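This report concerns the packing, the surface, the principal pocket and the charged contacts of one protein model. Please consult the sequence and the coordinates alongside the text.

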Amino acid sequence: MPTFEEIAAFVTEKPLATAVIALLGLAGLVLALLALRVAWRVGAWLFKRYVAPRPVEDVLTVVAASIATGVSAQGMWRFSGDVLGLDGPLRLLLFAFIEVAIITSAVRARRNMRENFSAGIDGIAVWALTCLTAVLSSMDARSLPEAIFRLAAPLVAAWLWERGMAIERHRIRGTGRINWRLTPERLLVRLGLAEVSDRTASEVDAHRRLTRVALAAKRAKALREAGAPDRKMRAALAKLDKAMDQAVEHTGLAVDPARQEALLAQIAALYNTTALIDADPRVPWEPEADHHPVPARPALPPALVELVHDEDEDFEVLDTTPQVVDTAQRAALMRAARVFWDRQIAKGIVPRTVDIAQEIGISLASAREYRALWKLEPQAHALIEALYQQHGIVDTGAFPAIADDGRVLTKS
C-alpha cells in the first residue's frame, strides 16, 4: 500500500491523471450507491411479496431446505470432478443437474397441489431424485461420517419440503392428516398396557372388579336355570362370593352409591341380553318419525276395562255448582283433600278426580286442580307409571290404581 508521501508526490507530478482517477472513483461510488439502492428496493419488494405473507415456519423451512440443497450440490460438485472427471466450464454447467430437477419437480408439485389438490407424480419424483443425489454424493465420501452426512442432507431438504406441502394441503383442502391404524398408542392399548380414556388407575381397577362380580353373577344364574349339578353350582357361587369380597374390599362398594348403581346396571344389562332380540328401535328415516312402538302388555282385568271408560261426569258429585268460598274455607277444604290424598297414596291407591270431589264435597274443577298438582309427587308418580308400564293406561284422572294381584283399587 503506498504511503502518504508517495500519494502526494504522484498528485504533484501527474495532476491530470489524478483528476481522472478522482472522477472515475466518484462515478463508481455513485454507481455503487445506485446499485445498493436498487438492490435494497428489490429486496424489500421480494420480502413484501413472498416473505411477509408467509408464516415464520414456512420461511424457515425454505431457508433450511436451501442450505441442505447447497450441501447436496457441493457433494455433486466433488462427485462430478472426482468420479466423472469433469473440469472447467463443463463441470460448472453439469454438476447440479439433479438439484435443478428436484427444484423443478417441487415447483410443479406445488402447482399441482393448488390446482388438483394433489402433488401427483411430481411429488414422487422429488423423493426419487433426492434419494438419487444422496446416494451419488455419498459414494465419493472419504469416511463413514461424511457419507452419512451427505446421505442425510438431501433427505432433510426433502422432508422439509414434504412438511411444507402437508401444511399447504391442509390449508387448501381443509383436511387433516391420515390416521394410521398401527401406532404405538394402539399397540399399547391392545396389549393392555395403556388406557384409552383418561380414567385413573383406581377407577379402572374398580370397574374391572365390578365387572367380575356381574359376570360371576350371570354365570351362577345361568347354571341354576339350566339345572347344573351341585358341584358346578358350588364352584360358581364360590367364585361369585370371592369376586364380591374383593369388590367390597377394594372399591368401597358397601358405602359408595355410585358404585352400587354401576354394579346393578351391569347386572341388569347382562341378565337381559335376550331382550335385544325383540328390540324395535326407531329408524330415523321412517315416514312416521314420531311413532314409538309400545311393547305388548298383559290384558286388563275385567273390572278395570269397565271402569277406565267411565268419565268423571258420570258420577254423582255432592256439589256440581261453582263454589264461592272465602280464603279460610278454601284452605280448609284443600287441607282435607290433601289428608285424603296422602291416606290413599299410602295404601297404594291413586285417587281419581271423582273420588276427591265426593269425599271432600268440592267441585270437579277444584278436585282436578289439586290432583294435577299432587300426582307429580314421587310416590304418586311411581304408582301412575307402574299402571302405564303394566297395562298401557294413560293417566286421565278417571282411572284407578291396580294392586299386584290385579285387584282394582278405587276406594279405601
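The sections below take up the basis of the values, the nonpolar cores, a surface patch, the largest pocket and the salt bridges.

## Basis of the values

The model is predicted, and local features need pLDDT of at least 70, side-chain atom pairs count only at pLDDT 80 or more, and totals for chains, interfaces and linings use all residues. Residues are numbered from 1 along each chain as its sequence is written, and side-chain values use heavy atoms, with hydrogens and water left out.

## Nonpolar cores

The largest nonpolar core (a set of buried Ala, Val, Leu, Ile, Met, Phe, Trp, Tyr and Cys residues joined through side-chain atoms within 4.5 Å) comprises 17 residues. A337, W341, I356, I360 and I362 have the most contacts inside this core. At least two core residues come from each of α13 (327-346), α14 (353-360), α15 (364-374) and α16 (378-391); helices here are DSSP runs of H or I with at least four residues, numbered from the N terminus. Helix α13 provides the largest share, five residues. F79, A106, V126 and W161 are among the twelve residues of a second, separate core.

Helix α15 also contains L364. This residue counts as buried because its relative accessibility is 17%, where buried means under 20% relative accessible area, exposed over 50%, and partly exposed in between (1.4 Å probe, protein chains only). L364 lies eleven residues from T353 in sequence, with a C-alpha to C-alpha separation of 6.6 Å.

## Nonpolar surface patch

In soluble globular proteins, nonpolar side chains tend to be buried together. A nonpolar patch of about 500 Å² is nevertheless present on the surface, made by L26, L29, V30, L31 and L34. Patch residues have over 30% relative accessible area and no salt bridge, and nonpolar side chains (Val, Leu, Ile, Met, Phe, Trp, Tyr) are joined within 5 Å; accessible areas come from the Shrake-Rupley method with a 1.4 Å probe. L29 is situated in helix α2 (residues 15-51) and counts as exposed because its relative accessibility is 58%.

## Largest pocket

The largest pocket holds about 910 Å³ of space. A pocket is an open set of points on a 1 Å grid over the protein atoms alone, where a 1.4 Å probe fits, with protein on both sides within 12 Å along at least five of seven lines; lining residues have an atom within 4 Å of a point. The volume is the space filled by probe spheres set on the points.

Its lining consists of 33 residues, with V62, A65, A106, R110 and W161 nearest the centre. Helices α2, α3 (56-82), α5 (97-116), α6 (120-138) and α7 (144-173) each contribute at least two lining residues. A106 and W161 belong to the second core as well as to the pocket lining.

## Salt bridges

Seven salt bridges are present, each defined as a side-chain nitrogen of Lys or Arg within 4 Å of a carboxyl oxygen of Asp or Glu. E146 pairs with R150 at 3.2 Å between the closest N and O atoms; both are in helix α7, four residues apart, about one turn of the helix, and both are buried. R78 joins E146 and R150 in a network of salt bridges.

R209 and D205 form a salt bridge at 2.9 Å, N to O. They are separated by about one helical turn because they lie four residues apart in helix α9 (residues 201-225). R209, at 15% relative accessibility, counts as buried, whereas D205, at 31%, counts as partly exposed. In the bridge between D355 and R352, the closest N and O atoms are 3.1 Å apart; D355 is buried at 4% relative accessibility, and R352 is buried at 4%.

Key:
Patch = residues over 30% accessible without salt bridge, like charges linked within 9 Å, V, L, I, M, F, W, Y side chains within 5 Å.
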